[in-house]
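Visitor: I would like to learn how to read a protein structure, one feature at a time. Could you show me the general idea and then the case at hand?

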Amino acid sequence: MKQDGPDHAFEVELRRSGRTLTVPPGRSILHTVRDAGVEVLYSCAEGTCGTCETDIVEDTADHRDSVLTAEERASGETLMICVSRCRGPRLVLDM
Ligand code: FES
């Protein structure tokens, strides 16, 4: 489920690996993390399979997948890093 509006760059902190990366507009969290050499599981890369589901430690996701229910989105516990982004300037993930 895509949302309207241009993407903005944001930082993603990988809490367990102690790294912080910048996700540019038009680039996914998944690809940014993989480019940095961090191994993550994924399959569809389109927000439909649920393979890349990642726990959120802090901040609010901009959900763009078609996997999570409205209740799951509202809980703010996980996001699909292949398509979803961040509503603010920084997102902290459990990876
Ligand atoms: S890889 Fe399929 S939902 Fe992200």
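Visitor: Which residues touch the most other members of the largest nonpolar core?

Guide: This is a predicted model, and a nonpolar core is a set of buried residues of certain kinds, joined through their C-beta atoms. The largest nonpolar core here has 19 residues, and those touching the most other members are V12, I29, L30, M80, I81, C82 and L91. Two or more residues each come from β1 (10-14), α1 (29-35), β5 (78-80) and β7 (90-93).

Visitor: What is I81 in contact with, leaving aside its neighbours within four places in sequence?

Guide: With those neighbours left aside, I81 is in contact with S28, I29, L30 and V33, and also with C52 and T54.

Visitor: Which side chains of β7 are buried, and which are not?

Guide: The side chains alternate along β7, with L91 and L93 buried and pointing to one face, while R90 and V92 point to the other face and are not buried.

Visitor: How should I read the pairing of strands, and in what order do the strands of the sheet stand?

Guide: Strands of a sheet pair through backbone hydrogen bonds, in either a parallel or an antiparallel manner. Here five strands form an open sheet with mixed pairing, and their order is β2-β1-β7-β3-β5. Because β2 (19-23) and β5 stand at the edges with a single partner strand each, one side of each has no neighbour in the sheet. On average, and with direction ignored, neighbouring strands of this sheet are turned by 40° against each other.

Visitor: In what sense does β7 pair with β1, and in what sense with β3?

Guide: β1 and β7 pair in the parallel sense over four bridges, and E11 stands opposite R90 in β7. Strand β3 (residues 53-58), by contrast, pairs with β7 in the antiparallel sense over two bridges, where I56 has L93 of β7 as its bridge partner.

Visitor: How many bridges join β3 and β5?

Guide: β3 and β5 pair over three bridges in the antiparallel sense, and the bridge partner of D55 in β5 is T78.

Visitor: Why does A9 count as partly exposed?

Guide: A residue is buried if 20 or more other C-beta atoms lie within 10 Å of its own, and exposed if 12 or fewer do. A9, which is found in the segment before β1, has 13 C-beta neighbours inside 10 Å and therefore counts as partly exposed. Leaving aside its neighbours within four places in sequence, A9 is in contact with T22, V23, P24 and P25.

Key: Residues are numbered from 1 along each chain as its sequence is written. This is a predicted model: local features need pLDDT of at least 70, side-chain atom pairs count only at pLDDT 80 or more; totals for chains, interfaces and linings use all residues. A nonpolar core is a set of buried Ala, Val, Leu, Ile, Met, Phe, Trp, Tyr and Cys residues joined through C-beta atoms within 7 Å. Two residues are in contact if their C-beta atoms, placed from the backbone, lie within 7 Å. Two strands pair if DSSP finds at least two bridges between them. Axes are lines fitted to C-alpha atoms, for helices over the stretch in contact, and angles run from 0 to 180 degrees between N-to-C directions.
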